[in-house]
Amino acid sequence: MARPSVQHTVHVTNKLRDRILIVHCQSKDDYLKAHAVPVGESFRWSFELNAFGGTLFWCKLAVQDKRLVFTAFDHYGHSAVYWYVRDDGVYGKDKLINDVFFKAAWRRVWPRQLTS
């Protein structure tokens, strides 16, 4: 008897003060195109775990001259499914644990790096 599939949904919410957030996420098997997320809005995607385990999604975030890369979902590690992008970085919240935790800080990109 086959096990029922379980859908996982990851949410990335723009909590910046007044900036559109560019979110670009992917896994080894899934390439999610870049999305412009207005303030207060979320980008979300759903997926099933890889049959052989090891499902891993990472996201690149961009706002003006700042960039950030983080692991958005890791089947083997502690993973949040709710991400809040703020002016100082990205915060996560697991659906089972109510604690919000700091994940990563923004890094400033020099002007010539913005086009690459």
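**Salt bridges, strands and aromatic rings in an all-strand chain**

R19 has a relative accessible area of 33% and is therefore partly exposed, since that class lies between the limits of 20% and 50%. The model in which this residue is found is a predicted one. The side chain of R19 meets that of D18 in a salt bridge, with 3.7 Å from N to O. D18, at 54% relative accessibility, counts as exposed because the value is over 50%. The pair thus joins an exposed residue, D18, to a partly exposed one, R19.

The salt bridge between D18 and R19 is one of three in the structure. Another is formed by D87 and R17, whose closest N and O atoms are 2.7 Å apart. This pair links distant parts of the chain, as 70 residues separate its two members. D87 lies in the loop between β7 (82–86) and β8, and R17 in the loop between β1 (7–14) and β2 (21–27). The two ends of the bridge also fall into separate accessibility classes: D87 is partly exposed at 29%, whereas R17 is exposed at 70%.

In a further salt bridge, D65 and R108 bring their closest N and O atoms to 2.5 Å. D65 belongs to the loop between β5 (56–63) and β6 (66–74), and R108 to strand β10 (residues 107–108), so the bridge ties together parts of the chain that are 43 residues apart in sequence. D65 is partly exposed, with a relative accessible area of 25%, while R108 counts as exposed at 52%.

R108 also has a place in the strand pairing. It is the bridge partner, in β10, of K66. Strands β6 and β10 pair in the antiparallel sense over two bridges. Strands of a sheet pair through backbone hydrogen bonds, in a parallel or an antiparallel manner. The pairing of β6 with β10 is part of an open sheet of five strands, in the order β3-β2-β5-β6-β10, with antiparallel pairing. The edges of this sheet are β3 (35–37) and β10; each has a single partner strand, so one side of each is left without a neighbour in the sheet.

How many helices and strands does the protein chain hold? There are zero helices and ten strands, and the pattern along the sequence reads β-β-β-β-β-β-β-β-β-β. Besides the pairings of the five-strand sheet, β1 and β4 run antiparallel and are joined by seven bridges. T13 has S42 in β4 as its bridge partner.

Strand β4 (residues 42–48) has two faces that are not alike in cover. Its covered face consists of F43, W45 and F47, and its uncovered face of S42, R44, S46 and E48. S42, the bridge partner of T13, is thus on the uncovered face. The residues of the covered face, F43, W45 and F47, belong with F57 and F73 to one aromatic cluster.

The structure holds seven aromatic pairs. A pair of aromatic rings is described by the distance of the centres and the angle of the planes. Which geometry do the rings of Y91 and F102 have? Their centres lie 5.1 Å apart and their planes meet at 70°, so the pair is edge-to-face, a class that needs an angle over 60 degrees. The pair links distant parts of the chain, eleven residues apart: Y91 is in strand β8 (residues 89–93) and F102 in strand β9 (residues 100–105). Y91 has 15% relative accessibility and counts as buried because this is under 20%. F102, in contrast, is partly exposed at 43%.

Y91 has a charged neighbour as well. The charged end of R86 sits over the Y91 ring, at 4.8 Å from its centre. A second contact of this kind involves K93, which lies over the face of Y82 at 5.8 Å from the ring centre.

Some values describe the chain as a whole. Of its 116 residues, 36% are buried. Among contacts with a separation of 6 or more, 47% come from residues 24 or more positions apart. The accessible surface of the protein chain comes to about 7,700 Å², and 52% of it belongs to carbon and sulfur atoms.

Conventions:
Residues numbered from 1 in each chain as written. Predicted model: local features only at pLDDT ≥ 70, side-chain atom pairs only at ≥ 80, totals over all residues. Heavy atoms only, no water. Phe/Tyr/Trp six-rings, centres within 6.5 Å; stacked < 30°, edge-to-face > 60°. Helix = DSSP H or I, 4+ residues; strand = E, 2+ residues; numbered from the N terminus. Buried < 20%, exposed > 50% of the residue type's maximum accessible area, 1.4 Å probe, protein only. Lys NZ or Arg CZ within 6 Å of the ring centre and 35° of its normal. Contact = heavy atoms within 4.5 Å. Areas by Shrake-Rupley, 256 points an atom, 1.4 Å probe, with all protein chains shown as cover. Salt bridge = Lys/Arg side-chain N within 4 Å of Asp/Glu carboxyl O. Pairing = 2+ DSSP bridges.
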